Amino acid sequence: MNALLDIHSYVRWLIVIFGALAVIRAIAGVAGKKPYGAGDAKAGLFFMIFLDIQLLIGLVLMFTSSLTKSAFGNMGAAMGDKVLRFFTVEHTLLAIVAIAMVHIGRSKIKKADSDAKKQKTALIFFSIALVLLLALIPWPGRELIGRALLPSLR
């Protein structure tokens, strides 16, 4: 269980890196009126792939974690507890919305008929997803729910 949580923590950095890369490429594409190229498509693809991997790991954690099991056992009490509410509702819901934004964005990019529309679509959808993802990460120093930036290696 701890190993899976550590993997979940490390994968978040791949998501942040590829999400930032996809957004930066989209900003450059919109601002510089650049064509939507293979590098842009790969940045979005890797952003999506690591999000999908993270979703699978997160689902396993959700259904095996003692923290979420206790929350699901009494959701009324869980809503009154900041930590339980964060991990069972806020973290999960924002993650699902962010993943949906990336998938919808990639689908719309494929259907767009011009490079300008592709870049603008990438910028909108990937930016929204990245902002949501940054909001759902349990950053160190965040009251009660903060976690280390990198889990300690065992």
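In this predicted model, helix 1 and helix 6 pack with their axes 8 Å apart and at an angle of about 150 degrees. The crossing of helix 1 past helix 6 is left-handed. On the helix 1 side, the contact is made by Ile-15, Val-16, Gly-19, Ala-20, Ala-22, Val-23, Arg-25, Ala-26, Ile-27, Gly-29 and Val-30. Their partners in helix 6 are Gln-119, Lys-120, Ala-122, Leu-123, Phe-126, Ser-127, Leu-130, Leu-133 and Leu-134. Sorted by class, the residues of this contact come out as 14 nonpolar, four polar and two charged.

The helix 1 and helix 6 pair also turns up around a bit of enclosed space. Just one cavity of 30 Å³ or more shows up in the structure, and the space in the largest cavity comes to about 30 Å³. Its lining consists of Ala-22, Arg-25, Ala-26, Tyr-36, Asp-40, Gln-119, Ala-122 and Phe-126. Helix 1 and helix 6 each put at least two residues into that lining. Several of the lining residues are familiar from the packing of the two helices: Ala-22, Arg-25 and Ala-26 of helix 1 touch helix 6, and Gln-119, Ala-122 and Phe-126 are among the helix 6 residues in the contact. In terms of class, the cavity lining splits into five nonpolar, one polar and two charged residues.

Then there is the open space. The largest pocket holds about 630 Å³. It is lined by 29 residues, and those closest to its centre are His-8, Gly-58, Leu-61, Phe-87 and His-91. Quite a few helices chip in here: helix 1 (2–31), helix 2 (38–64), helix 3 (66–73), helix 5 (82–111) and helix 6 (115–136) each contribute at least two lining residues. The class breakdown for the pocket lining is 18 nonpolar, nine polar and two charged residues. Helix 1 and helix 6 thus appear in the linings of both spaces, with at least two residues each in the pocket and at least two each in the cavity.

One backbone detail is worth a look too. Lys-33 sits in the loop that runs between helix 1 and helix 2. Its phi is positive, at about 50 degrees, even though Lys-33 is not a glycine. As for its surroundings, Lys-33 has a relative accessibility of 74%, and because the cut-off for exposed is over 50%, this loop residue counts as exposed.

Technical notes: Residues numbered from 1 in each chain as written. Predicted model: local features only at pLDDT ≥ 70, side-chain atom pairs only at ≥ 80, totals over all residues. Heavy atoms only, no water. 1 Å grid on protein atoms, 1.4 Å probe; cavity = no way out; pocket = protein on both sides within 12 Å on 5 of 7 lines; lining within 4 Å. Points joined across faces, edges and corners; volume = space filled by probe spheres on them. Helix = DSSP H or I, 4+ residues; strand = E, 2+ residues; numbered from the N terminus. Nonpolar A, V, L, I, M, F, W, Y, C, P; charged D, E, K, R; others polar. Buried < 20%, exposed > 50% of the residue type's maximum accessible area, 1.4 Å probe, protein only. Axes fitted to C-alpha atoms, helices over the stretch in contact; angles between N-to-C directions. Left-handed = near helix turned anticlockwise from the far one by under 90°. Contact = heavy atoms within 4.5 Å.
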